[in-house]
Amino acid sequence: MYFYDVEMQAWWWTSAANYPFIYVFDPKPDLNGIDIGDAWLWFDRNEFDERSFEVMTGPFDDQFVSFAPRR
């Protein structure tokens, strides 16, 4: 399935077999200014206000990125 995330300004791809891993297509920089480009992310279903993802591929591998607060 493909999803468009308005806050990230990017398309995601995932499937029932892959979730909570998602592939994101070049999102805008996160709240800390990190620009990850295309990457596999792990959705951190935490209880914090920000939506957090762990980067699984690329130069920011193993780093967490955060986007707009949950609604």
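Which residue stands opposite Ile22 in β4? Select Ile22 and follow the pairing across: the residue that stands opposite is Leu41. The tour starts from this point, and it should be read throughout with the knowledge that the model is predicted.

**The strands around β3**

Select residues 21-25, which make up strand β3. Strand β3 is joined to β4 by 4 bridges, and the two run antiparallel. Now add residues 10-13, which form strand β2. Strands β2 and β3 also run antiparallel, with 3 bridges between them. To find a point of pairing, select Trp13, whose bridge partner in β3 is Tyr23.

Next, display the side chains of β3. In a regular strand, side chains alternate between the two faces of the sheet. Ile22 and Val24 make up the covered face of β3, while Phe21, Tyr23 and Phe25 make up the uncovered one.

**From β4 to β5**

Extend the selection to residues 39-44 for strand β4 and to residues 50-55 for strand β5. These strands run antiparallel and are joined by 4 bridges. Select Phe43, whose bridge partner in β5 is Phe53.

The rings of Phe43 and Phe53 also form an aromatic pair, 5.2 Å from centre to centre. Their planes stand at 35 degrees to each other, and the pair is tilted. The two residues are 10 residues apart, and their pair links distant parts of the chain.

Is Phe53 buried or exposed? Phe53 counts as buried because its relative accessibility is 0%. Phe43 has a relative accessibility of 15% and therefore counts as buried, the limit being under 20%.

**The aromatic cluster**

Keep Phe43 and Phe53 on display and add Phe3, Trp12, Tyr19 and Phe67; ring pairs link these residues into a cluster. The structure holds 10 aromatic pairs.

**The salt bridge**

Select Arg51 and Asp5. Their side chains meet in a salt bridge, with 2.8 Å from N to O. Arg51 belongs to strand β5 and Asp5 to strand β1, which covers residues 2-5. The two are 46 residues apart, and the salt bridge links distant parts of the chain. Both Arg51 and Asp5 are buried. The structure holds 1 salt bridge.

**Pro27 and Asp26, after β3**

From Asp5, move to Pro27: their C-alpha atoms are 8.9 Å apart, although the residues are 22 apart in sequence. Pro27 is found in the loop between β3 and β4. Its relative accessible area is 2%, so Pro27 is buried. Which residues does Pro27 touch, not counting those up to four places away in sequence? They are Met8, Ala10, Asp35, Ile36, Gly37 and Phe67.

Asp26 is also placed in the loop between β3 and β4. Asp26 has a relative accessible area of 47% and is therefore partly exposed. Its backbone merits inspection. Most residues other than glycine have a negative phi, and most peptide bonds are trans. Asp26 has a positive phi of about 45 degrees although it is not a glycine.

**Two further backbone stops**

Asp62 likewise has a positive phi, of about 75 degrees, and is not a glycine. Asp62 lies in the loop between β5 and β6. With a relative accessible area of 54%, Asp62 is exposed.

Then select Tyr19 and Pro20, which are joined by a cis peptide bond with omega of about 20 degrees. Pro20 lies in the loop between β2 and β3.

**Phe60**

Select Phe60, found in the loop between β5 and β6, the latter being residues 64-69. Its relative accessible area of 26% means that Phe60 is partly exposed. Leaving aside neighbours within four places in sequence, Phe60 is in contact with Ile34, Asp35, Ile36 and Val55. The C-alpha atoms of Phe60 and Asp35 are separated by 8.9 Å, and the two residues are 25 apart along the chain.

**The surface patch**

Finish by switching to a surface view and selecting Tyr2, Tyr4, Val6, Trp11 and Phe25. Together these residues form a nonpolar patch on the surface, with about 580 Å² of accessible area. Trp11 is found in strand β2. At a relative accessible area of 46%, Trp11 is partly exposed. Phe25 has already appeared on the uncovered face of β3.

Note on methods
Residues are numbered from 1 along each chain as its sequence is written. This is a predicted model: local features need pLDDT of at least 70, side-chain atom pairs count only at pLDDT 80 or more; totals for chains, interfaces and linings use all residues. Side-chain values use heavy atoms; hydrogens and water are left out. Rings of Phe, Tyr and Trp (its six-membered ring) pair if their centres lie within 6.5 Å; planes under 30 degrees apart count as stacked, over 60 as edge-to-face and the rest as tilted. Buried means under 20% relative accessible area, exposed over 50%, partly exposed in between (1.4 Å probe, protein chains only). Patches are made of residues with over 30% relative accessible area and no salt bridge: like charges are joined within 9 Å, nonpolar side chains (Val, Leu, Ile, Met, Phe, Trp, Tyr) within 5 Å. Accessible areas come from the Shrake-Rupley method with a 1.4 Å probe; for residues, only the protein chains shown count as cover. A salt bridge is a side-chain nitrogen of Lys or Arg within 4 Å of a carboxyl oxygen of Asp or Glu. Contact means heavy atoms within 4.5 Å. Two strands pair if DSSP finds at least two bridges between them.
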